[in-house]
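Morning, everyone. Please have a look at the sequence and the model on the screen. I'll take a few minutes on one residue and one cavity.

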Amino acid sequence: AIIWILLGIIAFSVLLFLASKLLLKFLNILQRFSRGWFKIALSNLNKEPGLVQIQLVSVGMVLFVLMLMTFVRQDLLHNWQTSLPSNTPNAFVMNIQPDQKQAVDNLLITIPDKTEAPMVRGRLTQINDKEILVNQQESERGKRLLQREANIAVLNNLPTHNIIVAQSNKTHQLPFVSVEESIAELFDIHLNDKLTFNISGQEHTYQVNSLRKVDWQSFQLNFFFIIQPVDGIELPLSYLSNFYLPTEHKDLAPNLIKQLAIDAPGVMLIDVRKIMQQIQDIMNQASWAVSALYAFTLLASIGVLFTATLASQQPRIQSWLLLRTLGAQNKEIVKIGLTEFAFLGGLAGILAASFAQVTSLLISVYLLKTTPTLDITLWLLSILVGSGLFLAIGLVTQWRYIKQNPQKLKRYLTNY
């Protein structure tokens, strides 16, 4: 994991460097069409392209981490939570045995929109009478799925929240099994294939009649395999149930857990609300840990900015001396000097916001499967922080030179 993090940092730094080169070309073009004090400020930046790139990369990296830790993290979590319907199931009752089902139903009788499914635990052992072995699997996911038992639903009708992507029109002699599409792709399972499962030490064979697309983030009852119940074949069934608990009823889940322990020992209730809160707490704790690293990086970047500013001091003072000799007023010198820093900080902010927004988009689309959003506040804050940081450094390092008369500036250059 550390290697991947280091590679990510290196790759991001290279991307920032390339983006900074494009921004320098943009500065050259912008300078040609600029006039007055703004043209002079851009000219000062274009005199030291190497130092400008160093400043853009160092500060852009810091601002990127800042935006990622604050706005992007909160936006992603908020967007994922709001993408779920208001009545999304947030509680699951597991391991309900057949002789406990009536007692559990009585306890949950006041819960609206409760869903349940009978299921068994089983392991896929054969495809078309050919044994499927763990050591033959190339992917780690395939190996893990074959090494443990899976939850297999036992239903006559497929869930309405699953989407059928392929269905067989043939008449089968064997009972049917419906397979989730990613599992079918993983094990190269096709319609009409015969699948054999080991369920409590007994082999049971079914024929694939459909492939399903499953939204795993919906918190509905979803399964890799759904098999058809067969008369005369007794399976070791248990029941799984889920439902929605209103957020304001915080005591309902603990009370249900206590009552289940009395009326249906062994039955487990999982409160997803509590798990989500724990995840939020862990993320907050992790962000505090990263903040220490961020503070160190920020100090290092400020050091880089100071060094780069002092390294480019002589040509900057020469420019101001020339302007004062030509009769430029003090306010014009201040405007040119501070604009140089504020504009450079704004460019660093744009770089950081761009990469933070792209990162947010990739995480939304490929990990959370939510609709990405464009956060204008992210861009504004990044530009303001970048400009403010550069402007503060500019004031600290340049103010005493901006106010000096030509004689003192000449004396400084002579002693430089």
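**Gln 137 and the second largest cavity**

The side chain of Gln 137 has a polar atom 3.4 Å from the backbone oxygen of Leu 133. Keep in mind that this is a predicted model.

Where does Gln 137 lie? In the loop between strand 3, residues 130-131, and helix 5. Buried or exposed? Gln 137 has a relative accessible area of 14%. Buried means under 20%, so Gln 137 counts as buried.

Which residues does Gln 137 touch, leaving out those up to four places away in sequence? They are Ile 132, Gly 142, Lys 143, Leu 146 and Phe 187. Leu 146 and Phe 187 come back in a moment, in the lining of the second largest cavity.

Now the cavities. The structure holds three of 30 Å³ or more. The second largest has about 90 Å³ of space. Its lining includes Leu 145, Leu 146 and Arg 148. Ala 150, Ile 183 and Phe 187 line it too. So do Phe 224 and Phe 225. Gly 122, Arg 123 and Leu 124 complete the list.

Which elements give two or more residues to that lining? Strand 2, residues 115-127, and helix 5, residues 140-147. Strand 2 provides the largest share, with three residues.

What about the classes of residue in the lining? Eight are nonpolar, two are charged and one is polar.

To recap: Gln 137 is buried, and Gln 137 touches Leu 146 and Phe 187, both of which line the second largest cavity. Thanks.

Notes:
Residues are numbered from 1 along each chain as its sequence is written. This is a predicted model: local features need pLDDT of at least 70, side-chain atom pairs count only at pLDDT 80 or more; totals for chains, interfaces and linings use all residues. Side-chain values use heavy atoms; hydrogens and water are left out. On a 1 Å grid over the protein atoms alone, a cavity is a set of points where a 1.4 Å probe fits but cannot get out, and a pocket is an open set with protein on both sides within 12 Å along at least five of seven lines; lining residues have an atom within 4 Å of a point. Grid points are joined across faces, edges and corners, and a volume is the space filled by probe spheres set on the points. Helices (H or I, at least four residues) and strands (E, at least two) are DSSP runs, numbered from the N terminus. Ala, Val, Leu, Ile, Met, Phe, Trp, Tyr, Cys and Pro count as nonpolar, Asp, Glu, Lys and Arg as charged, and the others, Gly among them, as polar. Buried means under 20% relative accessible area, exposed over 50%, partly exposed in between (1.4 Å probe, protein chains only). A polar contact is a pair of N or O atoms within 3.5 Å; within protein, one must be able to donate a hydrogen and the other to accept it, and residues adjacent in sequence count only if both atoms are side-chain atoms. Contact means heavy atoms within 4.5 Å.
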